[in-house]
Amino acid sequence: MMSNLKLKAALYNQCLNFIENRFQTIQNTINDIQKSLLSETKSSAGDKHETGRAMLQLEREKAGNQLVDIQKLKESFSKIDIFKTSETIGLGSLVITSQNNYFIAISAGEFTVENEKYYAISPSTPIGQLLLGKTVGNEVAFREQRFKVETIF
């Protein structure tokens with residue numbers, strides 16, 4: 001069986017890869033839009049040309065906002081210390097409950113480590129909000145389900 005620290009490190013690295021992939025995808029989108037804008041400039045003129053440019057500008061703005069969001073996510077993620085353990089659930093906690101396992105970090109979905117499922121969730125999600133500050137033995141009710149906090153790493 002994997003040590004708690006190795007397990008946390010594995011989940012941390014999967015979240016980091018998730019962020020890097022999102023960042024790269026957004027970066028690629030922005031580069032593609034830039035290329036399209038340049039080719040739009042060289043090609044046609046008239047109303048169709050203006051509409052095309054306006055659409056690309058909007059897409060570039062949207063991608064720019066996504067880039068800002070991912071940079072904020074990177075920033076908050078960099079504050080996680082996987083070596084820190086606490087009696088209460090907080091950012092960076094690995095929480096084993098009677099229902100599911102949660103890594104309180106970022107909303108990155110489901111990961112599997114050594115055939116166990118873990119959900120990477122942000123502390124600002126509804127379930128994250130319910131778990132924050134809880135300790136071993138506390139019960140949480142979420143969407144008609146009750147579950148108990150069994151372990152916190």
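## A bridge in the sheet

Glu-110 has Tyr-119 in β4 as its bridge partner. The two strands concerned, β3 and β4 (residues 116-121), are paired in the antiparallel sense over 5 bridges. Strands count as paired if DSSP finds at least two bridges between them; strands (E, at least two residues) and helices (H or I, at least four) are DSSP runs numbered from the N terminus.

This is a predicted model, in which local features need pLDDT of at least 70 and side-chain atom pairs count only at pLDDT 80 or more, whereas totals for chains, interfaces and linings use all residues. Residues are numbered from 1 along each chain as its sequence is written, and side-chain values use heavy atoms, with hydrogens and water left out.

## Sheet architecture

The strands β3-β4-β2-β1-β6-β5, in that order, make up an open sheet of 6 strands with mixed pairing. Its edges are β3 (109-113) and β5 (139-142), each of which pairs on one side only. From one strand to the next the twist averages 35°, with axes taken as lines fitted to C-alpha atoms and angles running from 0 to 180 degrees between N-to-C directions. Strands of a sheet pair through backbone hydrogen bonds, either parallel or antiparallel.

Strand β6 has antiparallel contacts with two neighbours. With β1 (residues 94-97) it shares 3 bridges, and Val-95 is there partnered by Ile-152 of β6. With β5 it shares 4 bridges, and Val-140 has Phe-147 of β6 as its bridge partner. β5 and β6 form a hairpin with 2 residues between them, and Arg-143 in the turn has a positive phi of about 45°.

## Aromatic cluster

The whole structure contains 3 aromatic pairs; rings of Phe, Tyr and Trp (its six-membered ring) pair if their centres lie within 6.5 Å, and planes under 30 degrees apart count as stacked, over 60 as edge-to-face and the rest as tilted. One of these pairs is Tyr-102 with Tyr-119, which is tilted, at 6.2 Å centre to centre and 40° between the planes. The pair links distant parts of the chain, since Tyr-102 lies in β2 (residues 101-104) and Tyr-119 in β4, 17 residues apart.

Tyr-102 is buried, at 7% relative accessible area, while Tyr-119 is partly exposed, at 25% (buried means under 20%, exposed over 50%, partly exposed in between, with a 1.4 Å probe and protein chains only). The ring centres of Tyr-102 and Phe-147 are 6.3 Å apart and the planes are at 35°, so this pair is also tilted. Here Tyr-102 in β2 is joined to Phe-147 in β6 (residues 145-152), 45 residues apart. Phe-147 is buried, with a relative accessible area of 2%. Ring pairs thus link Tyr-102, Tyr-119 and Phe-147 into a cluster.

## Largest pocket

The largest pocket has a volume of about 180 Å³. On a 1 Å grid over the protein atoms alone, a pocket is an open set of points with protein on both sides within 12 Å along at least five of seven lines, and lining residues have an atom within 4 Å of a point. Grid points are joined across faces, edges and corners, and the volume is the space filled by probe spheres set on the points.

Residues lining this pocket include Met-1, Asn-4, Val-113, Tyr-118 and Phe-153. At least two lining residues come from each of α1 (4-42) and β4. The lining comprises 7 nonpolar, 2 polar and 2 charged residues, where Ala, Val, Leu, Ile, Met, Phe, Trp, Tyr, Cys and Pro count as nonpolar, Asp, Glu, Lys and Arg as charged, and the others, Gly among them, as polar.

Technical notes
On a 1 Å grid over the protein atoms alone, a cavity is a set of points where a 1.4 Å probe fits but cannot get out, and a pocket is an open set with protein on both sides within 12 Å along at least five of seven lines; lining residues have an atom within 4 Å of a point.
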